[in-house]
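Below is a short note on the model you sent. The points follow the structure as shown.

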Amino acid sequence: MSRGAPQLIADLAETIAAELVKSGQTEEIAVEIGVAVADKIRGDWGGEPIYIPKGCAIDISRRDMEIFEKFNGTNHHALAREYNLTVIHIYRVVKAVRLEMVKKRQGALF
């Protein structure tokens, strides 16, 4: 990016390029795509107040699904230690994920 680019846009372009390089793209193409994406975002949302959430809910959902998948009916204490949660919280997570899965499978019955 040019020296006059706002820091957020330059950081965005660099971050995109770095991730593309990690995934096997050549540096030249990665930089080109990074700049193009940053320019697109700048053009579409430039001047708008934008809030970018940290995504804690997404992380929790992933974590809860992991806990549910590892749960075998007898390993509450081990999961609590592994995830730095209380045993009670592990019970809640397992119950909540189970209920959510049942809802998805059954849908609205009435």
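Is Ile-67 buried or exposed? Point 1 takes this up, and the later points move outward to the rest of the chain.

1. The model is predicted, and the remarks here should be read with that in mind. Ile-67 sits in helix 3. Its relative accessible area is 0%; the cut-off for a buried residue is under 20%, so Ile-67 counts as buried.

2. What does Ile-67 touch, leaving aside residues up to four places away in sequence? The partners are Leu-79, Tyr-83, Leu-85, Ile-90, Val-93 and Val-94. Ala-80 lies 13 residues from Ile-67 in sequence, and the C-alpha to C-alpha distance between Ile-67 and Ala-80 is 9.2 Å.

3. Ile-67 belongs to the largest nonpolar core, a set of ten residues. The other members are Phe-68, Phe-71, Leu-79, Ala-80, Tyr-83, Ile-90, Val-93, Val-94 and Val-97. At least two residues of this core come from each of helix 3 (56-70), helix 4 (76-83) and helix 5 (87-106). Helix 5 gives the largest share, with four residues.

4. Tyr-83, also a member of that core, deserves a separate remark. Not counting residues up to four places away in sequence, Tyr-83 is in contact with Arg-63, Glu-66, Ile-67 and Lys-70. The list thus includes Ile-67, the residue discussed above.

5. How do helix 1 and helix 2 pack? Helix 1 covers residues 7-22 and helix 2 residues 27-45; their axes are 7 Å apart, at an angle of about 140 degrees. Roughly antiparallel would require an angle over 145 degrees, so helix 1 is described as oblique to helix 2. The crossing of helix 1 past helix 2 is right-handed.

6. The contact between these two helices involves a list of residues on either side. Helix 1 contributes Ile-9, Leu-12, Ala-13, Ile-16, Ala-17, Leu-20 and Val-21. These meet residues of helix 2, namely Glu-27, Ala-30, Val-31, Ile-33, Gly-34, Val-35, Val-37, Ala-38, Ile-41 and Arg-42.

7. For the protein as a whole, there are five helices and zero strands, and the pattern along the sequence reads α-α-α-α-α. The protein has 110 residues, of which 21% count as buried. The accessible surface comes to about 8800 Å², and carbon and sulfur atoms account for 58% of that surface.

8. One last figure concerns contacts with a separation of 6 or more: 38% of them are between residues 24 or more positions apart.

Notes:
Residues are numbered from 1 along each chain as its sequence is written. This is a predicted model: local features need pLDDT of at least 70, side-chain atom pairs count only at pLDDT 80 or more; totals for chains, interfaces and linings use all residues. Side-chain values use heavy atoms; hydrogens and water are left out. A nonpolar core is a set of buried Ala, Val, Leu, Ile, Met, Phe, Trp, Tyr and Cys residues joined through side-chain atoms within 4.5 Å. Buried means under 20% relative accessible area, exposed over 50%, partly exposed in between (1.4 Å probe, protein chains only). Contact means heavy atoms within 4.5 Å. Accessible areas come from the Shrake-Rupley method with a 1.4 Å probe; for residues, only the protein chains shown count as cover. Axes are lines fitted to C-alpha atoms, for helices over the stretch in contact, and angles run from 0 to 180 degrees between N-to-C directions. Angles under 35 degrees count as roughly parallel, over 145 as roughly antiparallel, 65 to 115 as roughly perpendicular and the rest as oblique. A crossing is left-handed if the near helix is turned anticlockwise from the far one by less than a right angle, and right-handed if clockwise.
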